[in-house]
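Trainee: I have a new model on my screen. Could you teach me how to read it?

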Amino acid sequence: MPATTNRPFLGGNWKMNLRLASAVELAEEVHAALSAIPLASKVDLVVFPPACYLQAVGRAIGHGPPSLGAQDLSAHLDGAFTGQVSGAMLDDLGCGWVLVGHSERRHGIGESNAVLRTKLERALAAGLKVVLCVGETLAEREGGHARSVLVGQVRAGLSGLDRGVFGSLVLAYEPVWAIGTGRTARAEDAAEAHRWIREEVADLYDPGLAAATRVVYGGSVTAENAAELFSRPEIDGGLVGGASLKVDSFAAIGRAAASRASHG
Ligand code: PEP
């Protein structure tokens, strides 16, 4: 699979952290820090605040960077779905992006491949760009099943989609055992998993589309390890949890992503 020169992507997933005032403060700081990064305009920089703070964070970041994303959306369009938020509602709030299949929903809440596929289609239909997260558990990796798990998740998520939607998609390889654990995948293991993912996209579509499909790494990315991870040709950027809650670390990771753009 040829190396890619895709537009880098960096997402900051704030999860269920912060309060209104601290979320707005972080948004203002992140906006200032990312705006100062040379080549920031060549990177998709996105923050994913809690749903209840989307509007306030959206106001704080204005036209960005970063752009605004949501952590989840409903699989339904409208109606009697207490507590859920639809893709159209996220669009109303100024979201351009949404996460689908984060492991804290896939494994933590038990969302199936079928539900996630519906969410992905709903998001695209609402005009949102999607970060589809895939990843194996520790038991699956240790049992030698990492590749088959990733292939299954990619196939369920992507097979049969119109190829025109791939420009609105980012795949995030997030090994479950590396998320929030401080245990980062070795760069060569992450790169191998990215190759497996692209090979599956090539099988479903073709090698050209696979090479052009952005695949990013998530799992305990920090200011210290981002440059090594992002130096791999297969890794188009990152999805960051804990380190996105501090402006200094997120900006440092943003600079690592932007330096990838300068090489691209
Ligand atoms: C994530 O939430 O997607 C994530 C990768 O978290 P962390 O960076 O904290 O491991």
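Trainee: How many salt bridges does a search of the whole structure find?

Mentor: A salt bridge is a side-chain nitrogen of Lys or Arg within 4 Å of a carboxyl oxygen of Asp or Glu. Searching the whole structure gives 18 salt bridges. One joins the side chains of Asp44 and Arg214, at 2.7 Å from N to O. Asp44 belongs to strand β2 (residues 44-48) and Arg214 to strand β7 (residues 214-218), so this pair ties together parts 170 residues apart in sequence. Strands here are DSSP runs of E, at least two residues; helices are runs of H or I, at least four; both are numbered from the N terminus.

Trainee: What should I know about the source?

Mentor: This is a predicted model: local features need pLDDT of at least 70, side-chain atom pairs count only at pLDDT 80 or more, and totals for chains, interfaces and linings use all residues. Residues are numbered from 1 along each chain as its sequence is written, and side-chain values use heavy atoms, leaving out hydrogens and water.

Trainee: Which residues are closest to the ligand?

Mentor: A residue is near a molecule if one of its heavy atoms lies within 4 Å of it. Here 14 residues surround the ligand, and the closest are Lys15, Glu174, Gly180, Ser220 and Gly241.

Trainee: Which polar contact does the ligand make with the side chain of Lys15?

Mentor: A polar contact with the ligand is a pair of N or O atoms within 3.5 Å. A ligand oxygen is 2.8 Å from an N or O atom in the Lys15 side chain. Another such pair, at 3.2 Å, involves the side chain of Asn13. At Gly241, a polar backbone atom is 2.8 Å from a ligand oxygen.

Trainee: What is special about phi of Lys15?

Mentor: Phi of Lys15 is near 50°, a positive value in a residue other than glycine. Lys15 lies in the loop between β1 (9-13) and α1 (20-35).

Trainee: Where is a cis peptide bond?

Mentor: One joins Pro65 and Pro66, with omega about 0°. The bond from Gly64 to Pro65 is also cis, with omega near 0°. Pro65 sits in the loop between α2 (54-61) and β3 (67-70). Pro66 is in the loop between α2 and β3.

Definitions and conventions
Polar contact = N/O pair within 3.5 Å; in protein donor to acceptor, adjacent residues only side chain to side chain.
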